[in-house]
Structures are given as C-alpha cells and as structure tokens.
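Dear colleague,

I am passing on a structure that may be new to you, together with some notes on what was found in it. Please have it open beside this message as you read.

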Amino acid sequence: MVATVTPLRTLDAPLADERVVALYKHMVLARALDERLVHLQKEGKLASHLSAIGEEATIFGGIAALREQDWVFHYGREAGGALFRGMPLASYLSHVFGSSGDGGKGRQMPGTFASRAARFASASAPIGTQITHAVGFAWAAKLKKDDVVALSCFGEGATSSGDFHTGLNFAGVFKAPVVFLCRNNGWAISVPAERQTAASSFWLKGIAYGVPGVAVDGNDLFAVHKAVAAAVQRAARGEGATLIEATTSRKTDPVARVKEHLEARHLWSEKDDAEHASRVRAELDVALALAQSEPLPPRESMFDDVYRSVPWHLHEEREELQKCPK
Ligand SMILES: Cc1ncc(C[n+]2csc(CCOP(=O)(O)OP(=O)(O)O)c2C)c(N)n1
C-alpha cells in the first residue's frame, strides 16, 4: 500500500485553487471507488477490475490538462478521470456490473467503458489498441480541420505492442494531434519494465519516429499536468505528437501529496477531509447498491446492433435461446 509523502516538484506552477480542490476531491472518490471494487472483485461479484491505486497523479494530471473538446483513448485504469470529466457514476457502475443500465449492454470487459459525456472512447482488451485508435481519430480530426486533440493512455507494457510502433510512426509522419501518455509503473503483470525494452527509458522511443519524448514524475499531479498541457498545445498548433513517460511508484501516495499541498495553501483541512470522505462513502453506498440491484440486459439483446438486418440463422438462434429456461 502507498504510504510515504514526498513534496511535489512543481509547486511553482500550481493550478487555480478551485481546480486543485476539485481534482483532489475526485482523486479521493477514485481511490475509495477502487478500494470498493477491488473488494467486490475478490468476493467474486465482479469479473475483473483495473485499479488505479497509487497511479492517480498520472491519470488525473493528464486528463485535467485536456481542453473540453479533446478525447481520451483509455486503457481501463482511467475511470476516475472519466468521472472528473462528467461521466455519471451510475453509468460507470452499470458498465462495471454489465447491467441493463450499461450503454454497452454488458458486452464489454469491466473497465473498457465508453462515455460520450466525458469524451472517452471505448477501450479494447488487447493491449495497445488505444494507441492506433487515438492516432486514427486525431488524423481524422486534422483532415476535418476540427480543433481536437486525442490523449492515448497506456502502460509501459503496451510499448512492446505492434500498435505502439504503427501508431507512433503514423503520428510522426502525418503530425497527428495526439498525446501519448505512457504510465510506467515498472510492471506489466509479472514482466518487469527492463524486460520490455533494452533502451534506457520509454520516452526516448519517440525520437526514432520524429516524436519528441518527455520524462515526468508520474506521482506529481502538477508535473504531469504541465507536461500534458504543453503537449496538447503543441498538437493543437499543428506541430504533432509527443510521447510522455510518467514514472509512478507505489512508494509515494499521490493523493496524500495533493492533500498536503492543499493544506499548505490553506485550501483544505482535516475537517474538510473527514467530511468529504463520509460524503464519498455515502455516495458509493447508494450507487453500488443501485448498480448491483439492476437487472442484467435481456439475453436476446446479444443479437442486436451487429447487423442492420439480422440474418436467418441468427433469428433461429435467438428463438431457440428464448425457449431455454432463464
Ligand atoms: C495483446 C495482449 N497481450 C496480452 C494481454 C494480457 N494483459 C493484460 S494487462 C497486461 C499488462 C499490461 O501492462 P502495462 O501495459 O504495463 O499496463 P499496466 O497494467 O501495468 O497498467 C497484459 C499483458 C492483453 N490484454 N493483450
């Protein structure tokens, strides 16, 4: 578990008071939500859960640096950032439990949600696919002359995928307005970062593609924000993509660091913290109970949305399914 608190390195460039307080409140919500979902997964009530515990500074710093019109191509750990950008908690939880309230009709792996409200594109389970998705989206926006930047979030393990190379090469050649945010937490399940590459770091992998690389302390909310905001501005000016490597370490709690920072700015107190924590607990109690009591989508809905006119053999299968006991 995360424990130590070390000072942030970018106190010289803080965000506006209300913005940091709002970010902190959402980081606390994300942490509490993660802790609850990890427990539910261990109890067998959830198929899987991609937790962001200890990695909130990279996720929130990156996502908060976007402009309203920008889109996120996420990995699955960025749910807290989606809530911060306006995805309703109820929609996220319906997705997680695959219930009838889920916009994806319960078909996607928990965590691979989409949200138009938050401008989050649907994620896919294969590692790295959100890199090429983001580049294609950004390239299309450029062709249409839309002022939109795509943020692609992935772990260092994804840099060994074919999509990483294809995506960075294309973005480099065509100057697609995309920001690659690589969260280096040292591990891809059981594979250590040094087995992903013989290079000395991940940020420098951009250089060969003509994509500048930036290294940042991934446990520092403001440092990540600053790096991503600069990359977004660069992309929006038509100068192309940036690869940011944000190194996270579970030894430094990014949420506690922001709390300490807020206290130093006299924007937050222990009393505020206790009150916020109890509000979050109550909100999660209600939302989790509601999501778990929702019915599942009707079984026969699995035949919907794929074909404009459903072929005869799927009609037959649907009828057969309906005759089976539920
Ligand atoms: C193409 C592909 N290979 C393997 C997997 C299995 N898998 C799921 S998560 C994961 C590790 C990803 O590590 P990283 O990209 O570093 O992100 P992290 O989970 O550490 O945040 C792997 C190998 C997968 N989903 N897709």
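Which residue in S8 does Phe-180 stand opposite? Before the answer, please keep in mind that this is a predicted model. The residue opposite Phe-180 is Leu-243, and the two strands concerned, S4 and S8 (residues 242-247), run parallel and are joined by six bridges.

Strand S4 also has a partner in S3 (residues 150-155), with which it pairs in the parallel sense over six bridges; in that pairing, Phe-154 has Cys-182 of S4 as its bridge partner. Between these two strands comes helix H6 (residues 162-174), and S3, H6 and S4 together make a right-handed β-α-β unit.

As for S4 itself (residues 178-184), the strand is mostly covered, with seven of its seven residues buried. In a regular strand, side chains alternate between the two faces of the sheet. Here Val-178, Phe-180, Cys-182 and Asn-184 point one way, while Val-179, Leu-181 and Arg-183 point the other way, and all of them are buried.

Turning to empty space, a search of the whole structure finds one cavity of 30 Å³ or more, and the largest cavity holds about 100 Å³ of space. It is lined by 14 residues, of which Asp-34, Ala-52, Arg-77, Ala-79 and Gly-80 are the closest to its centre. Helix H1 (17-42), helix H2 (56-64) and helix H3 (79-84) are the elements that each give two or more residues to this lining, which by class has eight nonpolar, three polar and three charged residues.

With best wishes

Definitions and conventions:
Residues are numbered from 1 along each chain as its sequence is written. This is a predicted model: local features need pLDDT of at least 70, side-chain atom pairs count only at pLDDT 80 or more; totals for chains, interfaces and linings use all residues. Side-chain values use heavy atoms; hydrogens and water are left out. On a 1 Å grid over the protein atoms alone, a cavity is a set of points where a 1.4 Å probe fits but cannot get out, and a pocket is an open set with protein on both sides within 12 Å along at least five of seven lines; lining residues have an atom within 4 Å of a point. Grid points are joined across faces, edges and corners, and a volume is the space filled by probe spheres set on the points. Helices (H or I, at least four residues) and strands (E, at least two) are DSSP runs, numbered from the N terminus. Ala, Val, Leu, Ile, Met, Phe, Trp, Tyr, Cys and Pro count as nonpolar, Asp, Glu, Lys and Arg as charged, and the others, Gly among them, as polar. Buried means under 20% relative accessible area, exposed over 50%, partly exposed in between (1.4 Å probe, protein chains only). Two strands pair if DSSP finds at least two bridges between them. A crossover is right-handed if, with the strands pointing away from the viewer, the path from the first strand over the helix to the second runs clockwise.
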